[in-house]
Amino acid sequence: MASTNETGPADTASTRSGGAAEAAGHGLRAFAVQLRRMNGEMNRLIHAFAAAQGLHATDVQALAAILDSDTPLTPGRLREHLGLTSGAVTACLDRLERAGHIRRSRDSKDRRVVHLHYAARGRAAARAHFLPLAEATARAREGFSGDELAVVLRFLNAMNDELDRLSDRG
């Protein structure tokens with residue numbers, strides 16, 4: 001993991017330009033360091049949950065996609081989201097269903113369509129494991145005004161949109 005006193009390309013360029021460029025370079029580097037640090041910590045939590053539940057890290061990504069979706073996901077949409085093969089998604093869904101994390105249901109109008117739902121047992125396990133994260137988030141939020149939190153949320157949305165664009169290229 002990167003420490004806060006490493007130098008990188010942005011630091012080298014900003015040192016040559018001086019002043020505002022240096023501040024902008026440091027700001028970009030500081031964002032990169034903190035995003036990597038947060039990503040590492042989130043990955044540790046996810047891997048611990050996966051291990052405790054006898055799942056793979058990809059299974060937890062699938063659970064998050066199912067939970068975050070505005071409408072019930074289908075296996076095909078989940079496959080696209082995760083970038084996996086049909087066989088890998090089927091194996092993932094089989095593991096999640098056996099472990100009680102999801103349930104599959106057929107569409108009432110088109111029985112060929114399968115919808116994925118987060119099961120109550122799975123939600124309870126996730127809530128119990130990630131409660132410390134929810135509490136830490138609440139403590140961190142206390143130090144910010146509503147306007148500041150709106151800016152943070154806007155940044156996170158913009159960052160996720162940019163990451164989506166990057167993954168669309170690959």
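What follows is a chat about how the helices and the core of this predicted model are described.

Colleague: Let's start broad. What does the secondary structure of the protein come to?

Modeller: It comes to 7 helices and 2 strands. From the N terminus on, the elements run α-α-α-α-α-β-β-α-α.

Colleague: And how much of the protein is buried?

Modeller: Buried residues make up 22% of the 170 residues. As for contacts with a separation of 6 or more, 47% of them are between residues 24 or more positions apart.

Colleague: On to the helix pairs. Why is H3 called oblique to H4?

Modeller: Helix H3 (residues 57-68) and helix H4 (residues 75-82) pack at an angle of about 120°, with their axes 11 Å apart. Roughly perpendicular covers 65 to 115 degrees and roughly antiparallel needs over 145, so H3 is oblique to H4. The crossing of H3 past H4 is right-handed.

Colleague: Which residues meet there?

Modeller: From H3 you have Thr 58, Gln 61, Ala 62 and Ala 65, and they meet Leu 78, His 81 and Leu 82 of H4. Sorted by class, the contact of H3 with H4 has 4 nonpolar, 3 polar and no charged residues.

Colleague: What makes H3 and H5 roughly perpendicular?

Modeller: Their axes are 10 Å apart and the packing angle is about 80°. The window for roughly perpendicular is 65 to 115 degrees, and therefore H3 and H5 get that label. On the H3 side the contact is made by Thr 58, Asp 59, Ala 62 and Leu 63, and on the H5 side by Cys 92, Arg 95 and Leu 96. Those residues divide into 4 nonpolar, 1 polar and 2 charged.

Colleague: How do you know that H4 and H5 are roughly perpendicular too?

Modeller: The axes of H4 and H5 cross at roughly 110° and come within 10 Å. With 65 to 115 degrees as the range, H4 and H5 are therefore roughly perpendicular to each other. Pro 75, Leu 78 and Arg 79 of H4 meet Ser 86, Val 89 and Leu 93 of H5. In this contact of H4 with H5 there are 4 nonpolar, 1 polar and 1 charged residues.

Colleague: Now the largest nonpolar core. Which of its 23 residues touch the most other members?

Modeller: Those are Phe 49, Leu 63, Leu 78, Leu 93, Leu 96, Ile 102 and Leu 116. Elements giving two or more residues to this core are helix H2 (19-53), H3, H4, helix H5 (86-98), strand S2 (114-118) and helix H6 (120-141). H3 supplies the largest share, 5 residues.

Colleague: What is Phe 49 in contact with, leaving aside its neighbours within four places in sequence?

Modeller: Phe 49 contacts Val 60, Leu 63, His 101, Ala 125, Ala 126, His 129 and Phe 130.

Colleague: One more residue. Why does Val 114 count as buried?

Modeller: Buried means under 20% relative accessible area. Val 114 has 16% relative accessibility, so Val 114 counts as buried.

Colleague: Where does Val 114 lie, and what is Val 114 in contact with once neighbours within four places are left aside?

Modeller: Val 114 lies in strand S2. Its contacts, with those neighbours left aside, are Leu 73, Thr 74, Pro 75, Arg 104, Ser 105 and Arg 106. Take Leu 73: Val 114 and Leu 73 are 41 residues apart along the chain, and their C-alpha atoms are separated by 8.3 Å.

Terms used. Residues numbered from 1 in each chain as written. Predicted model: local features only at pLDDT ≥ 70, side-chain atom pairs only at ≥ 80, totals over all residues. Heavy atoms only, no water. Axes fitted to C-alpha atoms, helices over the stretch in contact; angles between N-to-C directions. Helix = DSSP H or I, 4+ residues; strand = E, 2+ residues; numbered from the N terminus. Parallel < 35°, antiparallel > 145°, perpendicular 65-115°, else oblique. Left-handed = near helix turned anticlockwise from the far one by under 90°. Contact = heavy atoms within 4.5 Å. Nonpolar A, V, L, I, M, F, W, Y, C, P; charged D, E, K, R; others polar. Core = buried A, V, L, I, M, F, W, Y, C linked by side-chain atoms within 4.5 Å. Buried < 20%, exposed > 50% of the residue type's maximum accessible area, 1.4 Å probe, protein only.
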